[in-house]
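Here's a quick tour of a protein model for your first structure class. Keep the 3D view open and click along as you read.

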Amino acid sequence: MLDNMPRGTICIEDLEIGMVRSLRKQVTDRDIELFAEVSTDRNPVHLDEAYAQDTIFEGRIAHGMLTAGLISAVIGEQLPGHGTVYMGQSLKFLAPVRPGDVVLAEVEVLEIDHAKRRVRLDTRCLIDGKPVLKGEATVLAPSRKFD
C-alpha cells in the first residue's frame, strides 16, 4: 500500500454527504497470484503472459474483483469503517488493471438514511486519474446507539 487514510470507524451520526476516503495501492504480481489462489480463478489472462499477449488486452491483467476488493477495503476500514456491513454493490469495469499499476480506490457518501442506518456510496477506482472501475454500494453503517 502506498498511502492510506486512518483506519477505524465513522459512525452514521458523524457521516456527511460528500465525505470521501481513499487508498492507493500498487497491484503486484504477487497480489494477482494470491487472488488466483484464494478465489480459484486461474484464468490464464491473469497468470500467463504468453497466453495474455494473444488476447484483446495484449498482456496480463489483474482480476476485476481484486480491484473491486480495494473498494471493500476503503468501506471496511475507513468509510464508514469497522463494523460496516455490505448490503449491495454494483460494478462497471471500464479498463484493465495491469501488474505494476497504481490504483486509487475512492468512496464517497451520496445518501444517508439515519432511520435504517443505510448509506449509499459512490465507488470508483482510477489509474493516473483515468477511471477503471465505477459503481455504487449500499451499506449498513455502525451507530453509537447500537454498537
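Start with P80, which sits in the loop between α4 and β3; helices here are DSSP runs of H or I with at least four residues, strands are runs of E with at least two, and both are numbered from the N terminus. A cis peptide bond, with omega at about 0°, joins L79 and P80. Before going further, note that this is a predicted model, where local features need pLDDT of at least 70, side-chain atom pairs count only at pLDDT 80 or more, and totals for chains, interfaces and linings use all residues. Residues are numbered from 1 along each chain as its sequence is written, and side-chain values use heavy atoms, with hydrogens and water left out.

**Helix α4**

- Helix α4 covers residues 64–77, and at 1.5 Å a residue its 14 residues should span 20 Å. The expected span is 1.5 Å times one less than the number of residues. The end C-alpha atoms of α4 are 20 Å apart, which agrees.
- Which residues of α4 are buried? They are L66, T67, A68, L70, I71, V74 and I75. Buried means under 20% relative accessible area, exposed means over 50%, and partly exposed is in between (1.4 Å probe, protein chains only).
- The cover over those buried residues of α4 includes the helix α1 (29–39) and the strands β2 (20–26), β3 (85–93), β4 (102–113), β5 (118–127) and β6 (130–140). Contact here means heavy atoms within 4.5 Å.

**Helix α1**

- In α1, the buried residues are D31, I32 and A36. They sit on the same side of α1, because they cover an arc of only 135° around the axis. That arc is taken from the directions that run from the helix axis to the C-beta atoms.
- What do the buried residues of α1 pack against? Their partners are β2, α2 and α4.
- Now flip to the face of α1 turned away from its buried side: you'll find the exposed residues R30, E37 and V38 there.

**Two positive phi angles**

- Right after α1 comes T40, with a positive phi near 65°. T40 isn't a glycine, and its place is in the loop between α1 and α2 (44–47).
- R117 is another non-glycine residue with a positive phi, near 60°. Look for R117 in the loop between β4 and β5.
- Are these two loop residues buried or exposed? T40 is exposed, with a relative accessible area of 62%, whereas R117 is buried, at 17%.

**Salt bridges**

- How many salt bridges does the structure hold? There are nine, each one a side-chain nitrogen of Lys or Arg within 4 Å of a carboxyl oxygen of Asp or Glu.
- One of them brings together the side chains of E77 and R7, at 3.5 Å from N to O. E77 lies in helix α4 and R7 in the loop between β1 (3–4) and β2, so this pair ties together parts that are 70 residues apart in sequence.
- E77 counts as partly exposed at 24% relative accessibility, and R7 is partly exposed too, with a relative accessible area of 47%.
- R124 also forms a salt bridge with E108, and their closest N and O atoms are 3.2 Å apart. This pair links distant parts of the chain, since R124 is in strand β5 and E108 is in strand β4, 16 residues apart.
- R124 is buried, with a relative accessible area of 19%, while E108 counts as partly exposed at 23%.
- R124 has a salt bridge with D122 as well, at 2.2 Å from N to O. Zoom out a little and you'll see E106, E108, D122 and R124 linked in a network of salt bridges.

**Q26 in strand β2**

- Q26 lies in strand β2 and is partly exposed, with a relative accessible area of 36%.
- What does the side chain of Q26 reach? It gets to the backbone oxygen of G100, at 2.9 Å.
- Try finding Q26 and A115 together: they are 89 residues apart along the chain, and their C-alpha atoms are separated by 38 Å.

Terms used. A polar contact is a pair of N or O atoms within 3.5 Å; within protein, one must be able to donate a hydrogen and the other to accept it, and residues adjacent in sequence count only if both atoms are side-chain atoms.
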